[in-house]
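Subject: Structure for your review

Dear colleague,

Please find below the structure that I am handing over to you. My account of the findings follows it.

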Amino acid sequence: MSKVTRLLAGAAALLLLAVFVAPLWRIHLLAPQYPEGLGMQIRVNTIEGMSPSDLQNINGLNHYIGMKAIEPGEIPVLAIMPWVVGALAAGGLLVALVGRRGLLYAWVAAFAASGSVGLYEFWRWQYDYGHNLNPDAPIKIPGMAYQPPFIGSKEILNFTATSWPGPGGIAAMLAFVLAAAAAYAAFRGRDGRPARDAATGRATVPPLMRAAAPASR
């Protein structure tokens with residue numbers, strides 16, 4: 001691996017550490033009775049209100065329409081995510097230190113898989129809270145679901161719900177872009193040509209690219 005490739009991998013690993021200090025995602029609710037809005041932010045290990053009383057107020061509103069209370073301690077993925085992110089950051093620093101292409105490709109694949117699973121779990125959590133409602137709720141609207149948008153804006157009753165990545169989520173996305181750029185740079189080689197195996201002289205192809213390439217005819 002070239003010096004530039006190592007720097008890209010190291011920068012991605014360090015940028016990923018921002019997840020530990022900044023929110024990954026933010027969900028905001030705006031309605032006439034709440035002109036300043038209610039909000040919650042998802043961190044790597046917990047969920048909290050944007051203001052001290054927001055999460056309590058959101059849970060109170062959710063109770064009337066049959067949604068479960070949002071209890072961070074009851075969401076298993078929040079206990080796992082800090083370890084996953086920490087392992088990815090440590091793996092990126094190891095890649096930058098060792099400088100082996102195979103290790104870089106494995107790290108980027110693990111990064112992509114972890115991010116995909118994390119986003120799916122976030123969507124699944126939203127779906128569960130918005131669809132699995134208490135049948136004895138004080139307010140029942142047949143056929144109504146209250147899942148907030150995965151990303152973007154959505155009208156839910158008299159609320160406008162918006163969902164966007166927070167600073168930590170944006171940092172994680174940028175970290176993956178840098179990691180992918182490092183893998184591409186390593187594949188292309190230092191002089192812009194595909195990297196070649198020392199024994200055979202043939203261009204080396206990362207496993208992910210090999211799997212995605214169409215079969216030759």
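Strand 1 and strand 2 run antiparallel and are joined by six bridges. One of the paired positions involves Leu29, whose bridge partner in strand 2 is Leu38. The two strands form a hairpin, with two residues between them. Please note that this is a predicted model.

Strand 2, which spans residues 34-42, also pairs with strand 3 in the antiparallel sense, here over three bridges. Met40 has Gly49 of strand 3 as its bridge partner. Strand 2 and strand 3 likewise form a hairpin, and four residues lie between them.

These pairings belong to an open sheet of five strands, arranged in the order 3-2-1-5-4 with antiparallel pairing. Its edges are strand 3 (47-49) and strand 4 (152-156), each of which pairs on one side only. On average, neighbouring strands of the sheet are turned by 20° against each other, direction ignored. Helix 2, residues 54-65, packs on this sheet and touches strand 1 (25-31), strand 2, strand 3 and strand 5 (159-165). The direction of helix 2 makes about 100° with that of strand 2. As general background, strands of a sheet pair through backbone hydrogen bonds, either parallel or antiparallel.

The other element I would bring to your attention is helix 5. It comprises residues 167-188, 22 residues in total. From its first C-alpha to its last, helix 5 reaches 31 Å, close to the 32 Å expected at 1.5 Å a residue.

Which residues of helix 5 are buried? They are Gly168, Gly169, Ala171, Ala172, Ala175, Ala179, Ala182, Ala183, Ala186 and Phe187. Because these buried residues cover an arc of only 160° around the axis, they lie on the same side of helix 5. An α-helix has 3.6 residues a turn, so residues three or four places apart point the same way. The face of helix 5 turned away from its buried side carries Val177 and Tyr184, which are exposed. Just after helix 5, Gly189 takes a positive phi of about 90°.

With kind regards

Note on methods
Residues numbered from 1 in each chain as written. Predicted model: local features only at pLDDT ≥ 70, side-chain atom pairs only at ≥ 80, totals over all residues. Heavy atoms only, no water. Pairing = 2+ DSSP bridges. Axes fitted to C-alpha atoms, helices over the stretch in contact; angles between N-to-C directions. Contact = heavy atoms within 4.5 Å. Expected span 1.5 Å × (residues − 1). Buried < 20%, exposed > 50% of the residue type's maximum accessible area, 1.4 Å probe, protein only. Arc of directions from axis to C-beta.
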